[in-house]
Amino acid sequence: MAFLSDTLSRVKPSPTIAVTNKARELQAAGRDVIGLGAGEPDFDTPQNIKDAAKRAIDAGKTKYTAVDGMPELKKAICDKFARENGLTYQPNQVSVGTGGKQILYNAFVATLNPGDEVIIPAPYWVSYPDMVLLAGGTPVPVVAGIETNFKLSAAALEAAITPKTKWFIFNSPSNPTGAGYTREELKALTDVLMRHPHVWVMSDDMYEHLVFDDFEFVTPAQIEPGLYDRTLTCNGVSKAYAMTGWRIGYCAGPVELIKAMGTIQSQSTSNPCSVSQHAALEGLTGPQEFLTDNKALFQRRRDLVVGMLNEAQGIVCPTPEGAFYVYPDISGCIGKTSAKGVVITDDETFANALLEEEGVAVVFGAAFGLSPNFRVSYATADEVLKEACTRIQRFCAGLT
């Protein structure tokens, strides 16, 4: 009898975490390595949020809370959805989890049965397919390539839906591409979904506040009210509020689903950290001006990275609408040989050779379901990004 579950054979560890850990190991060993794998802002959590956490500790607010979030935080989340998205929810329609990842996973565990299909536009966040597999479902990747700016077309969505489809995952702006859907592009998708009432929508809005130029963020239930009763709108404080380590994610949706997710959470992690919840409460209800400042900073970094990568031989780097990632195409590098003799057969060998020869850690595209590409997180200092892009340019120039 095998000791480990057969389920583990269907999933793999997160490639983004693996790349980040490898970069840290090399740095600890004395190597000059620039890590561009981690998807977290490089600046600190705002002071008012940290102060709120300290006050909570000093006030003894360190006990258990309600399993899926304390009432005052749920109310603040309802207010946020009404204020920013035009969506009306009651506290019993809200769930708070230990990070956005737990929210998504709880929803899958609560709803998926063997044979149920989940449509996932590719390239996708690396965790989506594996969470579906862990929950017993079947991921159905649907490619949206560089020719459509990494956005899924209505025709492609329509073609992917079957009687077994239970969920459609929507992520805008996207990890890993930063692609954001306009109001018109999203309306085309929601029109398709309205023709298929058995399909539920999971909207991952984690990068809502990180959009650039004149791009307007919209979410599915906002665009099509007819989807309200079968949409789970997911978000969190990790990215916009620089609170990745605090581990607070949240969602809103139909009461029956929220109750089921609460049951899952009650028998797994129970409540999210009480101190983190008080910090998140301050984040959602306190000053919001820093969001504009951070957005401008990220837009400047985006422009820097896009400009420099497009100067690298063999690379084409589209300009994303949001998030803090770019997803350059390296078709022009495939089949060439690096300065140290490595044949670039795919994006994984490209990423490995780039790390070994130039000390730049990126995540290869196959991990996200679309090759030949790699992902760069530009959530780090300008001077670090300039040096990393200079090294990438040098690596590409050395390919023959």
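So, to kick off: how far is the sulfur of Cys-234 from the closest cysteine sulfur? Hold that thought for a moment while I set the scene.

What you have above is a predicted model, so to be clear about the ground rules: local features need pLDDT of at least 70, side-chain atom pairs count only at pLDDT 80 or more, and totals for chains, interfaces and linings use all residues. Residues are numbered from 1 along each chain as its sequence is written, and side-chain values use heavy atoms, with hydrogens and water left out.

Okay, back to the cysteine. The sulfur of Cys-234 sits 5.1 Å from its closest cysteine sulfur, the one in Cys-251, and that is too far for a bond. For the general point, a disulfide is a covalent bond between the sulfur atoms of two cysteines. The cut-off used here is a pair of cysteine sulfur atoms within 2.5 Å, and by that rule the count is 0 disulfides. Cys-396 is in no disulfide either: the nearest cysteine sulfur belongs to Cys-333 and is 4.2 Å away. Both of these residues are tucked inside, with Cys-234 buried at 3% relative accessibility and Cys-396 buried at 2%. By buried I mean under 20% relative accessible area; exposed is over 50%, and partly exposed is in between, with a 1.4 Å probe and protein chains only.

Now the whole chain. There are 13 helices and 12 strands, where helices (H or I, at least four residues) and strands (E, at least two) are DSSP runs numbered from the N terminus. The radius of gyration is 21 Å, close to the 21 Å that the globule rule gives for 400 residues, so the chain is as compact as a globular protein of that length. That radius is taken over C-alpha atoms, and the rule is 2.2 Å times the number of residues to the power 0.38. If you prefer a box, the C-alpha atoms fill one of roughly 60 × 55 × 55 Å along the principal axes.

Of the 400 residues, 57% are buried. As for contacts (heavy atoms within 4.5 Å), take those with a separation of 6 or more: residues 24 or more positions apart account for 74% of them. On the outside, the chain exposes about 16,200 Å², with carbon and sulfur atoms supplying 55% of that; the areas come from the Shrake-Rupley method with a 1.4 Å probe, and for residues only the protein chains shown count as cover.

And charges? The chain has 35 positive and 45 negative side chains, and the centres of the two sets lie 4 Å apart. Lys and Arg count as positive, Asp and Glu as negative, and His and the chain ends are not counted; each charge is placed at NZ of Lys, CZ of Arg, CG of Asp or CD of Glu.

Let's walk through some helices. Ala-107 is in helix α4, residues 100-111, and it is buried at 0% relative accessibility. Beyond its sequence neighbours within four places, Ala-107 contacts Met-202, Leu-232 and Met-261. Thr-45, on the other hand, is 62 residues from Ala-107 along the chain, with 28 Å between their C-alpha atoms.

Leu-232 turns up again with Leu-257, which lives in helix α9, residues 255-266. Leu-257 is buried at 6% and touches Thr-111, Trp-167, Trp-200 and Leu-232, leaving out residues up to four places away. Leu-257 and Leu-232 are 25 residues apart in sequence and 8.7 Å apart C-alpha to C-alpha.

One more helix: His-278 is in α10, residues 274-285, and is buried at 13%. With residues up to four places away set aside, its partners are Ala-52, Ala-56, Lys-61, Met-70 and Glu-72.

Last, some backbone oddities to click on. The Ala-122 to Pro-123 peptide bond is cis, with omega near 10°, and Pro-123 is in the loop between β3 (117-122) and α5 (127-134). Ser-371 to Pro-372 is cis too, with omega near 0°; that proline is in the loop between β11 (363-364) and β12 (374-377).

Then the positive phi values. Asp-213 is not a glycine, yet has a phi of about 55°; it sits in the loop between β6 (200-204) and α8 (220-223) and is exposed at 54%. Arg-247, also not a glycine, has a phi of about 60°. You'll find Arg-247 in the loop between β7 (231-236) and β8 (249-252), partly exposed at 32%.
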